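Hi,

Here is the structure I promised to pass on. Have a look at it first, then read my notes below.

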Amino acid sequence: MSSPSLKDLPKVAFDLKNQLEGFNPDNMKKADTNEKIILPTAEDVATEKSQKAFTEALIEGVGGFDTNKLKHTETQEKNPLPDKAVIEAEKEQQQLIAGIENFDPAKLKPTVTEEKNPLPTKEVIAEEKKA
């Protein structure tokens with residue numbers, strides 16, 4: 001791959017070019033670089049190896065388990081049937097729900113509402129303002 005020609009390079013503004021050419025790296029502050037990546041110690045590596053060996057041994061033990069050593073057991077399924085009181089309560093609840101669902105609003109009596117707390121008249125308001 002050949003290097004680009006001068007005409008293909010991007011153009012830089014004249015004042016920026018002068019600043020870059022006149023840059024003096026001696027004016028920069030000295031700074032110490034600190035390595036932030038901490039490598040594991042030999043003890044950490046040994047601990048990880050022992051854990052890995054334990055895990056592999058455990059997996060090997062599970063894979064090589066002899067199922068003939070297991071005892072046969074009988075499972076008892078406990079599914080208690082509801083007693084008479086529970087059945088009656090459930091029937092009552094179902095009847096209530098059926099009554100609500102099958103309600104006929106045509107059976108309602110028409111009612112006329114009377115307003116028992118009327119608003120005060122202008123005369124009453126005027127008397128209260130005078131008092």
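The average pLDDT (the predictor's confidence in each residue, from 0 to 100) is 87 for the protein, and 99% of the residues score at least 70. Of its elements, α3 has the highest mean, 93, while α1 has the lowest, 84. Helices here are DSSP runs of H or I with at least four residues, numbered from the N terminus.

Two bits of housekeeping. It's a predicted model, so local features need pLDDT of at least 70 and side-chain atom pairs count only at pLDDT 80 or more, while totals for chains, interfaces and linings use all residues. Residues are numbered from 1 along each chain as its sequence is written, and side-chain values use heavy atoms, with hydrogens and water left out.

Now for helix α2, residues 42–63. Its 22 residues should span 32 Å at 1.5 Å a residue (times one less than the number of residues), and the end C-alpha atoms are indeed 32 Å apart. How many of the 22 residues of α2 are buried (under 20% relative accessible area, 1.4 Å probe, protein chains only)? The number is zero, so α2 lies largely in the open.

After α2, in the loop before α3 (84–101), you'll find K71. K71 has a relative accessible area of 77%, so it counts as exposed (over 50%). From K71 to L20 is 51 residues in sequence and 85 Å in space, C-alpha to C-alpha.

Lastly, V12 sits in the segment before α1 (14–21). V12 is partly exposed (between those two cut-offs) because its relative accessibility is 46%.

Cheers

Key. Helices (H or I, at least four residues) and strands (E, at least two) are DSSP runs, numbered from the N terminus.
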